[in-house]
Amino acid sequence: MTSPQVLQSIPPPLASSNPRSRALHGLESCSAMSELKQYHSQIVRLGLSSDNDSIGRVIKFCAINKSGNLTYALKVFDTIPRPDAFIYNTIIRGHLQSEFVTNNCILLFSQMLEKSITPNKFTFPSVIRVCCVQNAIEEGKQVHAHVLKSGFETDTYSQNNLIHMYVNCQCLEEARRVFDKLPLRDVVSWTTLISGYSQWGFLDDAFEVFESMPEKNSASWNAMIAAYVQNNHFHEAFSLFNRMREENVALDKFVAASMLSACTGLGALEQGEWVHEYIKKSRIDIDSKLATTIIHMYCRCGCLAKALEVFNKLPFKGISSWNCMIGGFAMHGKGENAIELFKRMEREMVQPDHITFVNLLGACAHSGLIEEGRRYFHYMTKICNIEPKMEHFGCMVDLLGRAGLLDDAIELINKMPMKPDAGVLGALLGACKIHENIELGEKIGKKVIELEPQNSGRYVILANLYAKFGRWEDVANMRKLMNDRGVNKAPGFSMIELEGVVNEFIAGGMAHPQAKEIYAKVDEMLESIKLLGYVPATDGVLHDIVEEERENPLSYHSEKLAIAFGLLKTKQGEAIRISKNLRVCRDCHNASKLISKAFNREIIVRDRNRFHHFRDGECSCKDYW
């Protein structure tokens, strides 16, 4: 590369009479590339362009400082006749900081070795991280050999980076070998291995490492709790959290965030409120990320008013907080509120991003706001200059399809700049089921199944569509195809949190200690709503092959069991909050509306797709789901 163009103007003389000292002092204090270039010019004119100490400071600013310029640093680097380890380390570190990681980083390390420049303890962590970022495991193993050859087998910093590299590349045996050979393990060593095991689903191994820790601090507790949360093992996360509290370990914001995510997963509002109150009492700093986690917890636990209260009290609202609140309105079917919040966001000069529009378009889809959805899709592309991604097209297809505008949905798919994925086509398939379009539904359904052959829900929709038209042989073929491919049915379950305990129910299950009273309450519920005109919707259950096991009586679906338990254990007037892992079936939806009227209760149900607020015989979705 050619040497950089340098500015000829010289900064004002400093107090020191030594020109070299003045230049080096200036390098340490400069804050912009324009200043840097002036001091660099002076160093060149002083004949110091080959002096590693002087030129190394130039490279350090350019490569490491936020106001630097890595390209300029590389040009300077190419002019140095004999760069030392510090300069090589700085250039490699600069690549990492700028996220401009290429094979050049590993080539630079090779160049060091070829020129007999001895790597030091600052060299290896950066080079190992480069291998990790590039998933270059073979090169990483060679670097590992040089770590040992250079005598850094006891250097914790280098060894921790090796553990991280190996777990990131799914080489867990090698990671464990490095860990086991470490004479002194710090908290990073332990948590890196715990997180590594959990990253690949080996929770038992992660827990074994956690339990073997001689001393546990907040970071190690959080590593294990986060491991459970990220793998959807929410009950185990709660159990470990309770143990942590019993051992009087102080919660920090990271543990709090992990537990709020666990509460979100289970719909455990009471526990979530406790964590939020602890955060406030302990004066834990609520940064943008933690604020968003709190808002998301309240939204997903069915307490939209509390989510909005937290949002409105934030002194600073980051884009993630705005997106989360708009998404909260969307999942609760409050499209108009989502639009109003978006308008407020723009008034406060917050620039929307692609996630903003995913949530906004989703809000329009859930609320049947066709024209608004069309307008904001156009606004996103033409005014905000945001290129639509697959998720945006999926929202628009869902919006148009639910409204019965199947031709418009197909036209949009045909105009997509990319090939539609299973999410986009799945939205169209769902619309075909709603509007009973067997010809298009069969065509799209087969495509979706081939795109996602292990997704049982895709088979279900097509099978139910066949059944609608009495095509029982095709229904049987769908079952056979699922069996032949080993596609597992998703068992339906519903959860309700009472007094800080999450109770889980499956259709027809008898495992709960109060099962006898619960079933008696279900019978009482059904008798009460029959007086209001309830007739079981058996048509949907006769051919349903997955949403709730059809072998179980319709009356004892998991949602009805959870509602009955809620009526038994809560006071008159209290809302009953239920989380369900599948889409609510038609019969349970109809029954829930009438139960809310017969027992004068608000029943809030979170299913796989959205929230349903049942009150006085009506649902917030207006039967548009």
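A residue counts as buried here when its relative accessible area is under 20%. That cut-off goes with every view below, and the model behind them is a predicted one.

**View 1. Helix α3 sits among its neighbours, with ten of its 13 residues buried.** Because ten of the 13 residues are buried, α3 is largely enclosed by the rest of the structure. The helix covers residues 52–64 and reaches 17 Å from its first C-alpha to its last, close to the 18 Å expected at 1.5 Å a residue. Buried along it are Asn-52, Ser-54, Ile-55, Gly-56, Val-58, Ile-59, Phe-61, Cys-62, Ala-63 and Ile-64. And what does the covering? The cover over those buried residues includes α1 (19–29), α2 (33–45), α4 (70–77) and α5 (85–98).

**View 2. Six strands make an open sheet with mixed pairing.** Reading across, the order is β2-β1-β3-β4-β5-β6. The edges belong to β2 (501–506) and β6 (618–619); each has a single partner strand, so one side of each is left without a neighbour in the sheet. Strands of a sheet pair through backbone hydrogen bonds, and they can do that parallel or antiparallel. Both kinds can be picked out here. Strand β3 (residues 576–580) runs parallel to β4, with four bridges joining them, and Ser-579 stands opposite Arg-606 in β4. Strand β5 (residues 611–615) runs antiparallel to β6, and two bridges hold that pair together. On the β6 side, Cys-619 is the bridge partner of Phe-614.

**View 3. Strand β4 is covered on both faces.** In a regular strand the side chains alternate between the two faces of the sheet. For β4, Ile-603 and Val-605 take one side, while Ile-604 and Arg-606 take the other. All four of these residues are buried, the arginine included.

**View 4. Helix α32 packs on the sheet.** This helix (residues 586–598) touches β4 (603–606), β5 and β6, and its direction makes about 40 degrees with that of β5. It has 13 residues and reaches 19 Å from its first C-alpha to its last, close to the 18 Å expected at 1.5 Å a residue. Which of its residues are buried? They are Asp-587, Cys-588, His-589, Ala-591, Ser-592, Lys-593, Leu-594, Ile-595 and Ser-596. Those buried residues pack against α29 (515–530) and α31 (558–569) as well as β4, β5 and β6.

**View 5. Two residues that are not glycine take a positive phi.** Just after α32 comes Asn-600, with a positive phi of about 55 degrees. It lies in the loop between α32 and β4. With a relative accessible area of 60%, Asn-600 is exposed. Arg-283 has a phi near 55 degrees, again a positive value in a residue other than glycine. Its place is the loop between α16 (269–281) and α17 (288–300). Arg-283 is exposed too, with a relative accessible area of 77%.

**View 6. Aromatic rings cluster, and charges sit over two ring faces.** How many aromatic pairs does the structure hold? The count is 17. One aromatic cluster is formed by Phe-342, Phe-357, Tyr-376 and Tyr-379. A member of that cluster, Tyr-376, also has Arg-375 over its face, at 5.5 Å from the ring centre. Elsewhere, Lys-216 lies over the face of Phe-210, at 5.1 Å from the ring centre.

**View 7. Lys-415 is in a loop and Ala-467 is in a helix.** Is Lys-415 buried or exposed? Its relative accessibility is 61%, so it counts as exposed. The loop holding Lys-415 runs between α24 (406–414) and α25 (422–434). Lys-446 is 31 residues from Lys-415 in sequence and 21 Å from it in space, C-alpha to C-alpha. Ala-467 belongs to helix α27 (residues 456–468). It is buried, with a relative accessible area of 6%. From Ala-467 to Arg-243, the C-alpha atoms are separated by 50 Å, and the two residues are 224 residues apart along the chain.

Conventions. Residues are numbered from 1 along each chain as its sequence is written. This is a predicted model: local features need pLDDT of at least 70, side-chain atom pairs count only at pLDDT 80 or more; totals for chains, interfaces and linings use all residues. Side-chain values use heavy atoms; hydrogens and water are left out. Rings of Phe, Tyr and Trp (its six-membered ring) pair if their centres lie within 6.5 Å; planes under 30 degrees apart count as stacked, over 60 as edge-to-face and the rest as tilted. A charge sits over a ring if NZ of Lys or CZ of Arg is within 6 Å of the ring centre and within 35 degrees of the ring normal. Two strands pair if DSSP finds at least two bridges between them. Contact means heavy atoms within 4.5 Å. Axes are lines fitted to C-alpha atoms, for helices over the stretch in contact, and angles run from 0 to 180 degrees between N-to-C directions. Buried means under 20% relative accessible area, exposed over 50%, partly exposed in between (1.4 Å probe, protein chains only). The expected span of a helix is 1.5 Å times one less than its number of residues.
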